[in-house]
Amino acid sequence: MDKLSAVIAVSSVLFSIGLMAVITRRDAIFILIGIEMMLAAGNLNLVAFWWYGAHPELLTGAMMAIFTMAIAAGETAVGLALVLAVYRHRRTTQVDELNSLKG
Amino acid sequence: MNLFHLLPFVVIAVITLAGALAAATLSNLVHAALSLVLSFLGVAAFYFLLGAEFIGLVQVIVYVGAVAVLIVFTILLTRPLPGARKGRNWAGVFVAMAVLAGLLWALHGTTLPASHPLASNALTVLAVGQKLMTAYVWPLQAVGIVLTAALIGAVVLAMEEKR
């Protein structure tokens, strides 16, 4: 097992843990945390394929990872602001209690 | 891959995945957020291991510094009511396991390209800056607009409403 496969295996496990957090948690904050873990796993893949790929001198994967981080940080800020706005109205962050559109 | 290279890899992988697992399962919200910080530090260490020191430092500054503080603030601002429902949706564990099995199966069946990492470190701050100002100047401007919009949107959403 070479090093690239090992890094990709670790990032696969990290992605699955993030997915598990998204599905099993009922708290909206932890759904966002799970999304962050999945994004970190994707970023890890980008950097690994850059470092072990064909043309590392072009910095393609590394630049992509930097842009992904910026987008992820913006996503977290907006997501947590949404959680705060929902909490102010409903006094809860549990997603399965936010069912007022349900018939 | 000899033992000298294997040992830091295994230690970092264990720290990252243990932190992530704790963040996904602990029921105390603040403890889970701090485990997430541990996991992010592990990912940053992976970036250092992969020769991307700049991205590792950005990971520490952005995630460990800013995002984790933001998450802890939100947790402290949104205390749940005493009668909040506990418990998890355990069917999600099986879904996550199935996805993991699919990913590892796909990885097992793929022949990855032969790796030829650079002899020296390519990701200097100078190289990143030159790339950002030449080939990636339009993506950089677009990210600037996205971050500005996200900042304004977050402030508007979190602002107290005037009655």
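**Exercise 1. An unusual backbone angle after a helix**

Arg91(A) lies in the segment after α3 of chain A. Work out what is unusual about the phi of Arg91(A), which is not a glycine, and find whether Arg91(A) is buried or exposed, or something in between. Keep in mind that you are working with a predicted model.

*Solution.*
- Step 1: Start with the usual case. Most residues other than glycine have a negative phi.
- Step 2: Look at the angle. Just after α3(A), Arg91(A) takes a positive phi of about 60°.
- Step 3: Check the surroundings. The relative accessible area of Arg91(A) is 43%. Partly exposed covers values between 20% and 50%, so Arg91(A) is partly exposed.

Now try Leu59(A), which is not a glycine but has a positive phi of about 65°. Leu59(A) sits in the loop between α2 and α3 of chain A. Its relative accessibility is 2%, so Leu59(A) counts as buried.

**Exercise 2. Finding the salt bridge**

How many salt bridges does the structure hold over all chains, and which residue forms a salt bridge with Arg26(A)?

*Solution.*
- Step 1: Count. There is one salt bridge over all chains, and the count between chain A and chain B is zero.
- Step 2: Name the partners. Arg26(A) pairs with Asp96(A), and their closest N and O atoms are 2.6 Å apart.
- Step 3: Place them. Arg26(A) is in the loop between α1 and α2 of chain A, while Asp96(A) is in the segment after α3 of chain A, so the pair ties together parts 70 residues apart in sequence.
- Step 4: Compare with the cut-off. Buried means under 20% relative accessible area. Arg26(A), at 17% relative accessibility, counts as buried. Asp96(A) has a relative accessible area of 28% and is partly exposed.

**Exercise 3. Helix lengths**

Test whether the spans of α3(A) and α3(B) agree with 1.5 Å a residue.

*Solution.*
- Step 1: The expected span is 1.5 Å times one less than the number of residues.
- Step 2: For α3(A), 31 residues should span 45 Å; the end C-alpha atoms are 44 Å apart, which agrees.
- Step 3: For α3(B), residues 53–77, the 25 residues should span 36 Å; the end C-alpha atoms are 34 Å apart, and this agrees too.
- Step 4: Follow α3(B) along its course. There is a bend of about 25° at Val67(B).

**Exercise 4. What covers α3(B)?**

Find buried residues of α3(B) and what covers them.

*Solution.*
- Step 1: Pick out buried residues. Among them are Ile55(B), Val58(B), Tyr63(B), Val67(B) and Ile71(B).
- Step 2: Find the cover. It includes α2 (29–49) of chain B, together with α2 (28–52) and α3 (60–90) of chain A.
- Step 3: Step back to the whole chain. Chain B has six helices and zero strands, and 32% of its 163 residues count as buried.

**Exercise 5. Where the chains meet**

Describe the interface of chain A and chain B.

*Solution.*
- Step 1: Count residues. In chain A, 72 residues are in contact with 80 residues of chain B.
- Step 2: Look at the area. The two chains bury about 6900 Å² between them, 77% of it on carbon and sulfur atoms. Trp51(A), Phe67(A) and Met69(A) supply 10% of the area that chain A buries against chain B, more than any other three residues.
- Step 3: Look for polar links. Five residue pairs are in polar contact between the chains, both residues being at pLDDT 80 or more.
- Step 4: Assign helices. On the side of chain A that touches chain B, α1 (3–24), α2 and α3 of chain A each supply at least two residues. The most comes from α3(A), with 24 residues.

Definitions and conventions
Residues are numbered from 1 along each chain as its sequence is written. Chains are lettered from A and ligands numbered from 1 in the order in which they are written. This is a predicted model: local features need pLDDT of at least 70, side-chain atom pairs count only at pLDDT 80 or more; totals for chains, interfaces and linings use all residues. Side-chain values use heavy atoms; hydrogens and water are left out. Helices (H or I, at least four residues) and strands (E, at least two) are DSSP runs, numbered from the N terminus. The bend at a residue is the angle between axes fitted to the seven residues ending there and the seven starting there. Buried means under 20% relative accessible area, exposed over 50%, partly exposed in between (1.4 Å probe, protein chains only). Contact means heavy atoms within 4.5 Å. Buried area is the accessible area (1.4 Å probe) that two parts lose on being put together, summed over both. A salt bridge is a side-chain nitrogen of Lys or Arg within 4 Å of a carboxyl oxygen of Asp or Glu. A polar contact is a pair of N or O atoms within 3.5 Å; within protein, one must be able to donate a hydrogen and the other to accept it, and residues adjacent in sequence count only if both atoms are side-chain atoms.
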